[in-house]
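Visitor: Hi! Could you walk me through this one with me looking over your shoulder?
Guide: Happy to. Let's put it on screen.

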Amino acid sequence: ELLKRGLARAGAGGLVHGPVYNPQAALEHMIGDKANVLVGIPTQILTLARLQKKMHASIPPLRSVLLTTDHVPHSIVRELVKVWGCQVFNHYGMTEMGLGGGVDCQGFNGYHLREADLYFEIINPQTGRPVRGGQRGEVVFTTLTRTGMPLIRYRTGDYSRFIPEACPCGTVLRNLERVRSRDRMELGAGEILSMADLDEAIFALDGVLNFSAVIAEECGKRILAIEVLTDGAVSERAKKMMLQAIETYPIIQSVLSSGQTQLALTFNTNTAAYSGEKGTGKRMIFDQRG
Ligand SMILES: [Zn+2]
């Protein structure tokens, strides 16, 4: 809604579809209104792309897609570029920033920060001191223009760095490198797995719309249970291939190779289970261990 008001000022029309409860209806909405730019949550936009590819539905040519809200896996960006041949922009922000923190430019090499309203710093998370130019650390920000609930050096838990080189677009704004996902799960014995790792491994698989991951313990064994949502029934052969692709993805393979963790893969084709309000939250690995 905020975006729609902003767009109107720039002379563009915005249509608010809301969370995708029914991907088919969302596609029809896109076709009916001749949408040429999409803004949405990565997994919901991926669902639209894969569904459209499967149904061979013809949609008006898309100029660009802006992904927002959640960490954006490279695997999803690659698929959108492949299916739609459009530019895919990323947005970095969080509610505490007043949503927007920064956004990609056409150069696609970092988020150009909204410095008129927010002062960003990169700090050493141990000492709290700013790191030297171009070094990696935790992103903190201070609000400059807010009167209600101002924030001073608010720690985001995100890791990144400022890119010292000038961006080809000629911006004077500081450029923040892609942020690495904040959620990491300690499996025990120094093994760490993050949702971002799973994202890259699983969204790259054809036909996958979404997935959920749970770590549980059964009879002293650690189980990584992954349920994959697909765009239709999956043949036994395709299931085997998916299982193999996930098992041999380097980070997952190293976690499984210690023998402490077992992978259990299940399949679901009911898109309703993943859509709507439930599908707008941050995706994370759920820990069901005692
Ligand atoms: Zn730029």
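Guide: One term before we start: a residue counts as exposed when its relative accessible area is over 50%, and as buried when that is under 20%. Also, this is a predicted model.

Visitor: Thanks. Which residues of α7 are exposed, then?
Guide: P250 and S257 are exposed, on the other side of α7 from its buried residues.

Visitor: And which ones are buried in that helix?
Guide: In α7, residues 250-257, the buried ones are I252, V255 and L256. They span an arc of only 95 degrees around the axis, so they sit on the same side of α7.

Visitor: What covers them?
Guide: The cover includes strands β10 (184-188), β11 (191-194) and β14 (261-268), along with helices α5 (195-202) and α6 (236-247).

Visitor: What follows the helix?
Guide: G259 comes after α7, and its phi is positive, near 80 degrees.

Visitor: Switching to the metal: which protein atoms are donors to the zinc ion?
Guide: SG of C105, NE2 of H112, SG of C167 and SG of C169, at 2.0 to 2.2 Å from the zinc ion.

Visitor: What geometry does that site have?
Guide: Tetrahedral, with angles of 98 to 115 degrees among the four donor atoms.

Visitor: How are the donors spaced along the chain?
Guide: The pattern is C-x6-H-x54-C-x1-C. H112 in strand β5 (111-113) and C169 in the loop between β8 and β9 are 57 residues apart, so this pair links distant parts of the chain.

Visitor: Is H112 buried or exposed?
Guide: H112 is buried, at 10% relative accessible area, whereas C169 is partly exposed at 43%.

How values were computed
Residues numbered from 1 in each chain as written. Predicted model: local features only at pLDDT ≥ 70, side-chain atom pairs only at ≥ 80, totals over all residues. Heavy atoms only, no water. Donors = N, O, S within 2.8 Å, 3.2 Å for Na, K, Ca; no water. Tetrahedral: all angles 85-135°; square planar, octahedral: opposite > 155°, others 65-115°. Helix = DSSP H or I, 4+ residues; strand = E, 2+ residues; numbered from the N terminus. Buried < 20%, exposed > 50% of the residue type's maximum accessible area, 1.4 Å probe, protein only. Arc of directions from axis to C-beta. Contact = heavy atoms within 4.5 Å.
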